[in-house]
Amino acid sequence: MTDSRIRPRERDAIVQSLRAGVVPRSGHQHIQVGRADEVLALVSDIQRIADGGSAVRFVIGEYGSGKTFFLQLVRAIALEKRLVTMHADLGPDRRLHATGGQARSLYAELTRNLATRSKPEGGALASIVERFVSQALAEARTSGGTPTTVIHDRLSQLSEMTGKYDFAEVVAAYWTGHDTGNEQLKSDAVRWLRGEFATRTDARRALGVRTIVDDANVYDQLKLLARFVRHAGYEGVLVGLDEMVNLYKLANTQARNSNYEQILRVLNDCLQGSAAHLGFIFGGTPEFLLDTRRGLYSYAALQSRLAENSFASNGLVDHSGPVLRLANLSPEDFYVLLTKLRHVYAAGDPAAYLLPEQGIEAFMQHCSSRIGDAYFRTPRNTITEFINLLAILDQNPGADWRRLVGEVSIPQDVNPDLLPLEGEPLEQKQEASTDSSPGFQGHTAEPDRPHQDGSLATFRL
Ligand SMILES: Nc1ncnc2c1ncn2[C@@H]1O[C@H](COP(=O)(O)OP(=O)(O)O)[C@@H](O)[C@H]1O
Ligand SMILES: [Mg+2]
């Protein structure tokens, strides 16, 4: 175990998000257990993206196995390696392909969450465009050209591949705004790049361009963005798409297949090396991948490309294919995780541990007797209750852990995907755990797992 100290801000962020039942956005290294090989595989993907290549991974695991955690961990590594990251959860209103605005809305969510090392929380698109301009200005100074020529040179490389899209035009408009002190033009350009224009008429009026980011060109925009960020000094773009099971849940076969077709484009581009500086990491459950009626395997071209190495079974692994299986955490992993949580809670100071090893063991014993294997297989609620226990011990110095451990009640974490598929709007599905009894005093039953950007920013204990 590490005895490195943990910065108070980082400690608080980790504790608060885990207590709220969400995966932390940063500080993963302090609580990460296992996944060493998987991380290595993704580090090599990130390197390939930086070298001008592409990468695609399907991170497949049961509910609670740690997909979201893994995606966030990889995102943090990518930021360290100077990639730009974008991430979003798919949902009924966010898909890869749609005709009613749901693909544009996925794109808008991705750009809201667009992050760089210095803006890891997202909202970094405007500063990337600004960097593009300032880098071009710097080059113009050293090469003796005019800024406008340098910028148009760079943009012409982009427009070569844009075809009918106006990406380069819009960046040029940003430059004009910059050059002439027209803040409105600058912000309209950024709004366009974020996919926030809903109609072509508005876009024409504001920027003089004829197209907008719409349902039909989301993937092309991402490819352009990946090239663009290179001119702003970044290594490429990593796109993380979680909750892919939402595509499997689409009742309409045509709609589902159109989405799978987009995934096939991504996969083909990637396997053929025709996307540059761009990578995708998808998070999904086994049924999303394997179900032959509604999953990726229902789409023949995807099934053949994603078929797993038949030699990789009985404990043998192959991390070179696009599918990365995440096994559920084991009791041993979970024990290590709890010791790390204790360490983080104590801000890295072993003298401030609130619970001895025996206490951790007793906690696991207790959870096991209450909810069986679920305590480590779907550990979200168990983790929350462990933090709650530490909070009580922390604030009540006289309290005896032996007595408290026996009182912990753990609502079982139920996979919402197991609830019926059709006949009710997805948004109204409640996790079965929400109405279970609360654990400790002051802890109300948790709200539906908040995933959207900003949920952490507003959450306070
Ligand atoms: N490798 C890991 N190390 C530490 N904690 C993890 C790890 N994987 C998952 N967790 C924790 O377990 C819980 C469930 O993980 P999550 O990523 O939400 O699962 P999934 O997205 O597969 O449903 C979360 O609280 C997460 O922080
Ligand atoms: Mg998840």
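Which residue of β4 does Ser54 stand opposite? In this predicted model, Ser54 stands opposite Leu278 in β4. That pair is a good place to start a walk through the sheet.

Let's begin with the strand that holds Ser54. Strand β1 covers residues 54-60, and 7 of its 7 residues are buried. You can look at β1 from either face and find it covered. On one side sit Ser54, Val56, Phe58 and Ile60, and on the other Ala55, Arg57 and Val59, all of them buried. Here a residue counts as buried because 20 or more other C-beta atoms lie within 10 Å of its own.

Now look sideways, at the neighbours of β1. Strands of a sheet pair through backbone hydrogen bonds, either parallel or antiparallel. β1 and β4 run parallel and are joined by 7 bridges. β1 also runs parallel to β5, with 3 bridges between them, and there Val59 stands opposite Leu324.

With these neighbours in mind, you can step back to the whole sheet. It is an open sheet of 5 strands in the order β2-β3-β4-β1-β5, and the pairing is parallel. Why do β2 and β5 each have one side without a neighbour in the sheet? β2 (84-89) and β5 (323-325) stand at the edges, each with a single partner strand, so one side of each is left free of a neighbour in the sheet. From one strand to the next, the twist averages 20°.

Further along the sheet, strand β3 (residues 237-242) runs parallel to strand β4 (residues 278-284), and 5 bridges join the two. To find this pairing on your screen, look for Leu241, whose bridge partner in β4 is Phe282. A helix packs on the sheet too: α11 (residues 218-230) touches β2, β3 and β4. The direction of α11 makes about 145° with that of β3.

Finally, let's turn to a pair of helices. Two packed helices are described by the angle between their axes and the distance between the axes. For helix α9 (residues 183-193) and helix α10 (residues 200-207), the axes come within 10 Å and cross at roughly 150°. The crossing of α9 past α10 is left-handed. Which residues make this contact? From α9 come Asp188, Ala189 and Trp192, and from α10 come Ala203, Ala206 and Leu207. Sorted by class, the contact has 5 nonpolar residues, 1 charged residue and no polar ones. Asp188 is the charged one, because Asp belongs to the charged class.

Notes. Residues numbered from 1 in each chain as written. Chains lettered and ligands numbered in written order. Predicted model: local features only at pLDDT ≥ 70, side-chain atom pairs only at ≥ 80, totals over all residues. Pairing = 2+ DSSP bridges. Helix = DSSP H or I, 4+ residues; strand = E, 2+ residues; numbered from the N terminus. Axes fitted to C-alpha atoms, helices over the stretch in contact; angles between N-to-C directions. Contact = placed C-beta atoms within 7 Å. Left-handed = near helix turned anticlockwise from the far one by under 90°. Buried ≥ 20, exposed ≤ 12 C-beta atoms within 10 Å, placed from the backbone.
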